[in-house]
Structure formats: C-alpha cells, structure tokens
Amino acid sequence: MYPQLNLEPKAKKVRPIYQGRLNNFIANGQYKAMNLPALQDVQRVSDDSTVKISVFSVPGLKRPLFKDVMADKATKFRPAVIGESFGPSWSTYWFKIDLKIPKSWKDAPRVELHFDPSDEGLIFFEDGTAAQGITGGGERIRWIVPQSFIDAKWHTIYIETSCNGMFGNAPGADNIQPPDPERYFTLKSADLVWPDLEARALYYDFTIIAEAARDLPQDSWQSYKALDIGNRIMNTFDVEDRSTIAKCRKIAAEFLGTDVDSEAVYSTKGDIDVEAMGHCHIDTAWLWPYAETRRKIARSWSNQLELFERYPELHFACSQAQQFQWLLEDYPDLFKRVKDAVLNGNFDYVGGSWVEHDTNLPGGESLVRQFLYGQRFFEGHFGSRSKTFWLPDTFGYSPQIPQLCRLAGMTGFMTQKLSWNNINNFPNSTFNWVALDGSQVICHMCPADKYDSVININDVKNSVTHHKNLDADHVGLLAFGLGDGGGGPTDDMLEKLRRCRGLADNVGGLPRVRVGKGPEDFFADLIERTKGGKDLVTWMGELYFEFHRGVYTTHAKMKLNNRQCEQLFHDLEFFATLASLYVKDYDYPKEKLNHIWKLVLLNQFHDMLPGSAIEMAYDEAYDMYKEAKLTGSDLLRKALIALGLMNDTDLGNLVAVNTLPWPRNFIGTVPTEVSAEKDGKPDVVCLSSEENVALLQPVPAEVSANMVPVTVEEIGPNKFKLANGVLEAVIDGGAITSLFDIPNNREVVAPGQKANQFVMFDDQPLYWQAWDTEVFSLDSRKELPPGKGQIILQSPLRCSVLIEQKISERSWINTAITLNAYIKPKDSSTAFDGTHLEFTSEVYWDENCKFLKVEFPVDVHAESASYEMQYGIVKRPTHYNTSWDVAKFEVCCHKFADLSEHNYGVSILNDCKYGFSTHGNVMRLSLLRAPKAPDAHADIGTHEFSYSIYPHAGPLGANTIKLAHEFNSPVVFARVESTKSIDAVLDTFVVEGTDGLCLSNIKRGEDDSDVPADYGLKSSKGKSVVLRVYDALGGRQSGKVLSKLEIAQAFKSNLLEDDEEELKVVKIGDKWGFDISVRAFEIATYKLKLA
C-alpha cells in the first residue's frame, strides 16, 4: 500500500559522510569502546595466576635449536615481565610460558594466547614440536590453545624469539636502510583470551562490506547497497548488548549470503574468475641473513599446517627446494607434517628450482643445475616433479627460460615483477612466452600486480579488471599471504576470501573468487581453456625488466665469485669424469660436487647475486664461496693427480690442459709452482694445441717462425705504442687514441675519440639504491683525468704498459694494458686468430653513490648490438627511437658484447662483469657502483677485473664466442714426464661440427650406479656421460659426437637426464659416435651410456 500523505521526509544519504562513518565501527581509534572492538573478547587475563613468563638469553648471536637449548646445562630461565625490552638486533631469546586456563572458562569454545614480542617467534610444545609462528606488532600474535589445556592446570610452552622484525632491523620506517645493530623489542602482551567468535566473524563481515562500499564502482547499486548495509549494522549494534552481534550478522547476510562461515561458500556452481592461492614468498636472504631464513621457514610453514585444519579449502604454494632442505635439517617433525600435507593435497611444492634465483646473471649451466637439483629434491621426497616454474620476484628474465623450463618438465610460468616497470606498461598478463630456440611456456603474470595480497576487494577486483588478455582468457591468479619476510596466509585472509565469494554469489559486482586449487591445476585448466595455448598471444625473447638495472653491477665480488666457481666446476667435472672412467681407484665425487654446486646456487638467489641484500648476508655468502672454491680446488687437484697431470715435483715437461673443445694458443705467465724461473721474474711462455685439442705444449721452433713478436715503445711523454703485426695501439695517459687493425686496414677508434676512457656518473636513483640506476645519471658523465704510464713487461711474447690513475681523493685505478705476440694460423685445424688488446685493472674503491664505467667509442655503425646471454645472444637497440628503446639504457650481458656491421665489428670481452650499454657507437662496460642501502659498505674495497677489445673482420662470429670463453677459462698447468698416456685420455669425448656448435659441459650421469644416489632415487646400471651442447650463433648446426670409449646406447635427453630420443651409434675408425642436429640457440643434452 502506498500512503497518500508523507509526514516523515527522508534525506538522501550524503555518501562521503556515511561512508566515512564505517571505519569507526572496527577501528581501534577514539570510538573503540563504543564499537565492535569492545566486544571482541568475552574475557582476557594476564596475571601471575594464569600466565607466568620467564626468559633465557642466548649468548651472542647464536641461533640454537630447541633440542640444543634444552640439553644445554647453561640454559637458565629468569623471570620476565610485560614491557621489558629485548635485544640487541639479531639476538635470540627463549621464553618459557606457563599457562593455566581459569576454571570458569571450561565451556569456552576457544581459548587463545595473544603473545606479542614485537619481533618474530616460534611456539613449541614441551616435547619440542613446533606449533606456530608469531609475528609481533599485532601482525600474527594469536595462538589457539589446545583443548587439552583447558583443565585449570598448569601447562608449559616455549617461544623462541629473534630480535628482528619481519623485514629485518632497519631504523625507522624505511626498511631498505642498513640495519640498526642496537635495535630492541618490547614484550607487549602475553594474554589468555576467550574470544567472542561471533564478534570476530562480524568484524570480517563488516570489513568486506565497508570495502565494497568504498572500492566497488561508485555508480554500482552494489556499492550503495553495501553502504546501506554497513550503516544498518552500526545502527543495530549496541555495545551494552552482546546479543545484537547476531542481529548484525543477519543484516550482513543480506549482502554476503549465509555460507561465509565455512568452505561451503565455494560449493556454488558457475564460472570462476579468480583463483586465489595461498603463498608465502620468503626471500632466502635479503634484509636478514640466511641463518634467519631457516627460522622464518619454520614459522611460516607451521602456520599453514595449523590453518589446513580449520580451512580445508586452503592450498599453499611453496617454492625453493633449498628451503625444504633446511626444514628437513632443522625441523624434521615439521618436514614430516609438510610431507603429509603434500599427500593430502593442501601443500603444493612448486617452482622446480633450488632457489628462486636471478635469471640474468647465473651462467647457463647454473640455470640447468637450479632445475636439476630442485626437481630431483621434489621427486625424491614427494614422488613427482613440479610442472610450474614459480618466480614472482626477480629482476628480469633471460630469453632462454622458456626452453630451460620445458627441458626441466615445466609448462607453466608464474611471475609478476614486470608490473614494476618504470617506463613502459607490459602489455600482457597471460601469454605464450617463446625462447630463442622457439620453445614456449604459458606465462601468467598475476593481474593484481602482487604476489603477497592480504586480501581486499580491490585485489580480487583487479585480478580481472587489470587482466590484459581478457579476449583469450578471463581467469586471474591471486597469490595471497604475507611475503618477502615470510608469514604466508592468515585466518583473516581466508575469512575475507569466503566473504568475497559470498558477496559475488549473493549480489554480484565482484569477480567470483575460489580457494581450492593449486598452481599445477591452474595452469592445466588454463592450457585446456586456451586450446593448448593456441588462443594466447606470443611474446618472443627476453622479458626485459625496466627497473633495478643497477643489479647487473652492484656487489661486484659476488659476480666475480659466481663466475669463478662456475668455471672451476666446469673444469672439475671435466677432469673428474675422465678420471672416473680411466682410473680404477678414483671415485667420482658426486656428493661433494652436489654440495658445492648448491652453495653457489644458493647465492644466486634473486636478492643475493644481484647485490641487493644486507652486509650480514654477504658475510655468509663469501664464506660459502670460500668453501666452494677450497673444496672444488682440492677435488680438482685430486682428479689431476689421478690422471697423472699433477705431481709433487717441478720435473718434467711443461704442458697446459685446455678444457674448451677447440684448439687454443696460450701466451702468458706461468704459475710459480710450475715455473722454471726461480729468480722471481715472470716466466712468459707460448703454448699451443694442435692434434690434441685438450693438450697445449710449448710452441716448437718451426712454429715460432710463424709468430710475429710484440713490441712496446714510449713514443712521447706518457705516450706508448704496442704492436704485433696485426694490431697497433697508441696509449696516451691510459686512453687508447688509436687502435689500428693492420690486415683489415681499419682504424677501430672513432675519429677524435678515446677508447678505454674511464667515466664516472652520479648515481642517485629515485629510491632503491642497490637496485636501481636511472637514465638521468647518464647526464652527469665525467671523464677520469689521464694517468701516468710505464712499461712493466717487455718480451717478444708479451708486452704490458701500466697506467696509474686517480679516481678521487679516496679511490684509484691501476690498469695493465697488454698485447701478445701474433701466432699465424697454419690451417683450419689450428687455433684461430684471436688477437686482442687486454686490460687488467686493480681498483681501490671508496665512493658514495657513484658509477664507474669504461667506454669504447668505435668506428662502427649498427642499429643493434649483440650481447651474450646463457646459451645464446640477445640483440638490443643502439638508438632511442621509442620508449621501449630508451628503457634499455643499461642491459645485462655475460662474457661479451659486440657491435658489428656486415663486414667488420668489435667485441668487448670481460671476465666478471654483467652491466653494459651500447648507444650510437659508444660501447660502455659497467665496472663498479657505490650504493649505501641496504648495505652501507657495498663494493668498498679492492677489486680486480679484466676486459679486452677484439676487432674482427665480418659480423659477429665463432671467433668472438671462442675468444670470450678462452678469456674466462684459464688453462691448467702441469709438468709431466710424458704426454703419451695423457693424449689418449683428454680428448675422449669430442664434438665436431659447424662453427656455432659449442660443447658446454661434460659430467657423469646423475643416476649412475657407481656414484652416490640422491634422495633415494633409482640408480641405473653402468656408467654414463652427459654432454651439454648448444648453438651459440643463432643457426641450425649439425655435427658428430665422438667417443674413444665404446658407447652402448646414446640418447638425447632433457635437463633432468631422462632418456628421450635414442640415437644411432656407429663405429667411426677407432671411435664410436652419432650424428647430432641442433636448432638455432637450442640447448641439447646427450647421454652416452658406455659399454
């Protein structure tokens, strides 16, 4: 009935005022006592009759495990009180908490301990079982007391706390500043609480309703409805009458539905728009050291194990096999529970790699080992491999990642970091990402642009509205859970997700979210929905990250150690493989090899190798590199001794072993331990390999006639000339004013320019100091003043000029510029002409926000330059035509960069650097940075590095590839009485073929019966050898693999060494072999099963 008279006028709600009111209902502000927070607890107690607190301070900065603390006679607990402070930073305290639940609480449906130490902690039962993690500051401080404790008797638990926040120990609110070593944390609460669970449920109801009013489209009826519902709830609530909570919840159900208190809310049918997955991104080290991460894992994962019991819909995706390994070592009881949760289907191991590694800086074989060791761990412990590469937070993506993923058994790839681009908006969310060889993975970048959602209306909404490929697929993945510093999903998040789904089903206006699937199911469904990916767009090549470009250079010694270890392991596995096949009493040292490889892989974590962690983390990393090098060098020495390539005397003929697969010349100084010179003078020798590629011997007299000696002379004040019949270099104050290529009649240095010119830039990025360098820094270019030179080496084989230059009042650089004699190649079977000008620098660096680079302006013009990456080459523009070109003002490269015209080019080689740029004709190698956060002492100290310039006829070709490898691969010297027996061994395995075919690594098979098995995986009978081969130039290559040992079977395998395609083996003279064909930039793995 519609009345005739209107005697009760009604005003239209003033939206901003009514909307602003909503927050007061749940906030702990000035109206707390009159609103919902006042009724959150039925009762709360914390006196000595219910809670007794005592504490043990662990000496120093040790982090003992529970069993060690309890077994230590020095463990003495003293009384502690609320309000007491504990520190300093990084120290550990163990709290003993005695609890007695009041007798009057016997019927309480739940009792909780609210323990807030302001820092991080882990609760243990008396028997040492880990119960749950704690994050202070109100983040995660509630622990549900077991029902067996509600008996009015005293019960004891222990809480280990670490004096650091979730994001370390930075002073103030700026987390990336260097840690404060004197930070203290206050024990804020240790209360027993009988919570009002209905009041807490209303809190969740109201939170989502208030967000809907604020964040749903303001012109939608749903947002108006939410505003009305919220105000009705507030009008109904009476702080004096607890029964009004149920009335308020009934009103909330008008908007959210009636199923939001259980997983039944997800049972309704219909299309799903958002798949929400629990995740806990734990940086393996960052603003805290590795040692603290081991505890973060236990805190975070124990939380999820508890949540599984209350929220059966929860799926928790967790990557990084290293973290599982640490849990197994430190908390075996937790690992067993994780394993059970995996079997139950809630805990999803994912990623397939040892750590969430950087993908730009590690070498190719390192990326292989990340997947090999990660997948073997998962298969060994959980029975299967991961099908999804999970890498949410890394600083750019190598173009070969799709190929490596497919070769490691993974078809899906999840990430999101390109949402941080600071110049261009990446155009895709779900797409086929295609590698240099044509291999593809389905890539999904979380449309909410985060991997650590705490769940709100916006994140659910943005998972669809920010999806950039809705024409092909409409489903977005939403990864939720506290991240970076660990933590993972909370009950608050899961409750809010239930209400988001209830809202979507009941009133609409919000994408339908589901909790209940893991990453593998997400990608399987995605592949099915998109017809095997055919509906998706394609992105070819690298995913260049337009941010954090400084990480190619920061913490230079990390980069140096990484590359040195990669080369050491390459050589070690080469010699150890041969020794294990030829020497009866030699055992392939697989366990030790695995250990040192894993140390290096760990340090390739995406905040460690890039240089963006704190100093304490790098102290740990350098200890690991030291161990890896010492162990690796010792294993190498033992393999060489077994092969007869090392003895305890200096008698015999000098030889050098070449572990590269092509003939090679060596001119240089001999290590003291094998040198014939005993007067302290450098022993400069020339060695060459011919018939046996692997063995370099002194060049005989008849070959010496084909050698053009090198000369050096001072041609003016502080001006020198080096010449060897091929190159003629003029050095003036350290800069190269002329580099003339005699055979090609070509000046390499651009007219009027100076090569090897050191330049400094101001380096003050907008915020992220260790991570970023910005394009505006290029406007501050300043040349270093000329240095003073002197001749330091003058022989027919090798000449050097030393240039001493001042960088500033605190820093200096000394550079030896060296040219070798020229050895004329006799024919195609001998070493190639690789004449280059070499620079070896020693630097003392003590700068503040500066960037040191070295420039080579060359007389070459091309629209793009070529940069070596893992197993391939990436071309990038030399111009600034578009914003996408501008963004690449600093890029990553490995052993070389090249700028070439059709008939001539120049390559810049290096032995440990990764940052580079080529714009116009200026090739610029990045050398050192000086950021002050998060490590205040990053890169301060002494550095040594080498680089060289190699002019060449024709475009980029095999000679640059070979020379770059040689520049990074020192020969191994020895003195032997006879080379006959060695000749028969060193070239056991050979790859012959076209120029771009490159034999990368030789190793033993992972599952051979004569090497120790991993994780209980099944061994194979017999011995096998694995050869990694790739095309280095970008064209199909063909050739043969030859072996002096009889091959019973040969297979083309994947990175995990599964037998895939069997190859036909034939006898070729006195060798066994098979034909191979490799696609452009293909990474091919061959397994040779020996007879």
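## A salt bridge across the chain

Let's begin with a pair of charged residues: arginine 142 and aspartate 492 meet through their side chains in a salt bridge, with N and O 3.2 Å apart. The two partners come from distant parts of the chain, 350 residues apart. Arginine 142 sits in strand β9 (residues 142-144), while aspartate 492 belongs to helix α12 (residues 491-506). Keep in mind as you look around that this is a predicted model.

How open to the surroundings are these two? Partly exposed covers the range between 20% and 50% relative accessible area. Arginine 142 has 26% relative accessibility, so this residue counts as partly exposed. Aspartate 492, with a relative accessible area of 27%, is partly exposed as well.

## More charged pairs

Side chains of opposite charge can pair when their charged atoms come close. A search of the whole structure turns up 77 salt bridges, so there are plenty to explore. Another one joins the side chains of arginine 295 and glutamate 160, at 2.9 Å from N to O. Because arginine 295 lies in helix α6 (residues 290-310) and glutamate 160 in strand β10 (residues 154-162), this pair ties together parts that are 135 residues apart in sequence. Both arginine 295 and glutamate 160 are buried.

Next, find arginine 529, which forms a salt bridge with aspartate 473; their closest N and O atoms are 2.6 Å apart. Arginine 529 is in helix α13 (residues 519-529), and aspartate 473 is in the loop between α11 (457-465) and β20 (476-480), so parts 56 residues apart in sequence are tied together. Are the two partners buried or partly exposed? Arginine 529 counts as partly exposed, at 32% relative accessibility, whereas aspartate 473 is buried, with a relative accessible area of 4%.

Salt bridges can also share partners. One network made this way joins Arg63, Glu120, Glu160, Glu292, Arg295, Lys296 and Arg299.

## Two helices that cross

Now turn to helix α8 (residues 332-344) and helix α9 (residues 364-382), whose axes come within 11 Å and cross at roughly 85°. Angles of 65 to 115 degrees count as roughly perpendicular, and α8 and α9 are therefore roughly perpendicular to each other.

Which residues make the contact? From α8 come Phe335, Lys339 and Val342, and from α9 come Phe377, His381 and Phe382. Sorted by class, the contact of α8 with α9 has 4 nonpolar, 1 polar and 1 charged residues.

## A sheet of six strands

Strands of a sheet pair through backbone hydrogen bonds, either parallel or antiparallel. In one open sheet, 6 strands line up in the order β3-β2-β5-β10-β7-β8, with antiparallel pairing. The edge strands, β3 (78-79) and β8 (130-135), each pair on one side only.

Within this sheet, strand β2 (residues 51-57) and strand β5 (residues 92-100) run antiparallel and are joined by 7 bridges. For a close-up, look at phenylalanine 56, whose bridge partner in β5 is tryptophan 94.

## A sheet of four strands

Further along the chain, 4 strands form an open sheet in the order β50-β53-β57-β56, and here too the pairing is antiparallel. Its edge strands are β50 (989-993) and β56 (1066-1068), each pairing on one side only. On average, neighbouring strands of this sheet are turned by 40° against each other, direction ignored.

β50 pairs with strand β53 (residues 1037-1043) in the antiparallel sense, over 5 bridges. Here you can spot glutamate 992 standing opposite lysine 1040 in β53.

Key:
Residues are numbered from 1 along each chain as its sequence is written. This is a predicted model: local features need pLDDT of at least 70, side-chain atom pairs count only at pLDDT 80 or more; totals for chains, interfaces and linings use all residues. Side-chain values use heavy atoms; hydrogens and water are left out. Axes are lines fitted to C-alpha atoms, for helices over the stretch in contact, and angles run from 0 to 180 degrees between N-to-C directions. Helices (H or I, at least four residues) and strands (E, at least two) are DSSP runs, numbered from the N terminus. Angles under 35 degrees count as roughly parallel, over 145 as roughly antiparallel, 65 to 115 as roughly perpendicular and the rest as oblique. Contact means heavy atoms within 4.5 Å. Ala, Val, Leu, Ile, Met, Phe, Trp, Tyr, Cys and Pro count as nonpolar, Asp, Glu, Lys and Arg as charged, and the others, Gly among them, as polar. A salt bridge is a side-chain nitrogen of Lys or Arg within 4 Å of a carboxyl oxygen of Asp or Glu. Buried means under 20% relative accessible area, exposed over 50%, partly exposed in between (1.4 Å probe, protein chains only). Two strands pair if DSSP finds at least two bridges between them.
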